[in-house]
Amino acid sequence: MPMELTQSRIQKIWLPNDNRPALPRRSCGPQLANSPTVIVMVGLPARGKTYISKKLTRYLNWIGVPTKVFNVGEYRREAVKHYSSYDFFRPDNEEAMKVRRQCAMAALRDVKLYLTEEAGQIAVFDATNTTRERRGMILNFAKENGFKVFFIESVCNDPNVVATNVMEVKLSSPDYRDCNSTDAMEDFMKRINCYQASYQPLDPDDYDRELSLIKVIDVGRRFLVNRVQDHIQSRIVYYLMNIHVQPRTIYLCRHGESEFNLKGRIGGDSGLSNRGKKFAVALNKFVEEQNLKDLKIWTSQLKRTIQTAEALQLPYEQWKALNEIDAGVCEEMTYEEIREQHPEEFALRDQDKYYYRYPSGESYQDLVQRLEPVIMELERQENVLVICHQAVMRCLLAYFLDKSADEMPYLKCPLHTVLKLTPVAYGCRVESISLNIEAVNTHRDRPEEAKKGPNPLMRRNSVTPLASPEPTKKPRINSLEEHVAVSPALPGCVPQEVPTQMPGQPLLGKACL
């Protein structure tokens, strides 16, 4: 007999009408029928492995695939509190090699925990992994646990790019705190040489022809792809082939205040208010002052963003994907009218704003999927101004700032304010610039009831994916300092215990490797 189904009130999707416990949804994006995947980074130090790891993890979490980075260097810093010199990485330093292997095993244990017990879908194993012996160990680990493996090797032989990356990213690491830059640079280059001697690159034509992998050559100048196994690996390849590291600035703003904004109505296709028109003129002046070369301007296909862009007297491109979230039966209504006419829908949206789908409309989850092509093209471009809408701007901002699905619908994106996004090491710097034109406040804070957590009586078959930043670490490996042959400290360094993460650590460098 056909099974009876019940429609989920939050997402408007059909579910079995029985008493079976709900299965956890591993992602809020496409439902992947794949076994969990371990992404294994490969390459010499200062080749951009951590940059790729963090950026890829941010993208995968944004599209709804729970992903986490496991950086073996952080495990090593937990185990050996005081870094002395490059001697620790010499291949003939047997005690140090033993410690490094133990750190890798500790990271793999956490990978297994994340993928089997913490609803993770993808784990990024961020380390050099430069030898076939180490990669073989990871492949055996994955086979024992039923995980897929995808290798990402970053190859760069341009000494200027490597030196820039070392100066802008590596010298700010905890290993070189309180060291002068000259001594730190010399030590790090010697560290690279320690790996160079035993480096065995991936060989897709012979030894590694059965492996799934992508080689990123010279910061994206060329790619070599081998044996892509599934949908998610193809998306990873597509993403890596779209990102670049050139300095650029992205400007996000909403349209000028609209007539519907003044009336408190959501959606619709109204024109600008008088104050909205003043904002468009002020935006034109702001863009001129920025003096940007080859600025691209994108709008939605709705009247209020096009009117705003017209005032700039510059070419612009309309994207249907940038249209505001579709409120379905609630389009052009005020929140008070929704509360009166659709009280249950009003309450359900407050319970779970990210997953909630308007009847005959969209959810923030839907909007993220719609905006993925926009993100891909933003990654390919240089200077871009995006004139969009509140929910759309929240989704774009959540991608660049690595915000979780839970935070996304409550990000503040006020009218008549421009957000200037500048890529920095491993992240993005944001500057909020008000153009001093008064406007209504359209932001609704998270209701107090929603802050207390989901309604225990409401059936849920989902887990909200975490954003990429590492949670508070638990001790994973005991300090192994006493077992390591200690070398003299660098002459320009003062050894001291340092935390695993630096509070003020820059987030992409100019080299952006």
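**Strand β6 and its surroundings**

Biologist: Which residues of β6 are buried on one side and which on the other?

Modeller: Buried means under 20% relative accessible area, exposed over 50%, and partly exposed in between, with a 1.4 Å probe and protein chains only as cover. Both faces of β6 are covered. On one side the buried residues are Lys 148, Phe 150, Ile 152 and Ser 154, and on the other Val 149, Phe 151, Glu 153 and Val 155.

Biologist: At what pLDDT do side-chain atom pairs count?

Modeller: Residues are numbered from 1 along each chain as its sequence is written, and side-chain values use heavy atoms, with hydrogens and water left out. This is a predicted model in which local features need pLDDT of at least 70, totals for chains, interfaces and linings use all residues, and side-chain atom pairs count only at pLDDT 80 or more.

Biologist: How many helices and strands does the chain have?

Modeller: Both are DSSP runs numbered from the N terminus: H or I over at least four residues for helices, E over at least two for strands. Of the 513 residues, 57% count as buried. The chain has 15 helices and 14 strands.

Biologist: In what order do the strands stand in the open sheet that has β4 and β8 as edge strands?

Modeller: Strands of a sheet pair through backbone hydrogen bonds, either parallel or antiparallel; here two strands pair if DSSP finds at least two bridges between them. The sheet has six strands and mixed pairing, in the order β4-β5-β3-β6-β7-β8.

Biologist: By what angle are neighbouring strands of the sheet β4-β5-β3-β6-β7-β8 turned against each other on average?

Modeller: The order is β4-β5-β3-β6-β7-β8, and the edge strands β4 (67–71) and β8 (222–226) each pair on one side only. Axes are lines fitted to C-alpha atoms, for helices over the stretch in contact, and angles run from 0 to 180 degrees between N-to-C directions. With direction ignored, the average turn is 15°.

Biologist: Over how many bridges does β6 pair with β3?

Modeller: On the β7 (residues 213–217) side, β6 runs parallel and is joined by five bridges, with Val 155 opposite Ile 217. On the β3 (residues 37–42) side, Thr 37 stands opposite Lys 148. The pairing of β3 with β6 is also in the parallel sense, and the number of bridges is six.

Biologist: What is the distance between the closest N and O atoms of Lys 215 and Glu 153?

Modeller: Side chains of opposite charge can pair when their charged atoms come close. A salt bridge is a side-chain nitrogen of Lys or Arg within 4 Å of a carboxyl oxygen of Asp or Glu, and Lys 215 and Glu 153 form one with closest N and O atoms 2.6 Å apart. Lys 215 lies in β7 and Glu 153 in β6, so the pair ties together parts that are 62 residues apart in sequence. Both residues are buried, and the N to O distance is 2.6 Å.

Biologist: Are Asp 366 and Arg 357, which meet in a salt bridge, buried or exposed?

Modeller: Their side chains meet at 2.7 Å, N to O. The relative accessible area of Asp 366 is 19%, and that of Arg 357 is 17%. Because these values are under 20%, Asp 366 and Arg 357 both count as buried.

Biologist: Which strands stand at the edges of the open sheet that contains β9 and β12?

Modeller: Its six strands follow the order β11-β10-β12-β9-β13-β14, with mixed pairing. Each edge strand has a single partner, so one side of each is left without a neighbour in the sheet; the two are β11 (317–318) and β14 (427–434).

Biologist: How many residues of α14 are buried?

Modeller: Helix α14 (residues 390–401) reaches 16 Å from its first C-alpha to its last, close to the 16 Å expected at 1.5 Å a residue, where the expected span is 1.5 Å times one less than the number of residues. Its buried residues include Gln 390, Arg 394 and Phe 400. The helix is largely enclosed by the rest of the structure because, of its 12 residues, the buried ones number 11.
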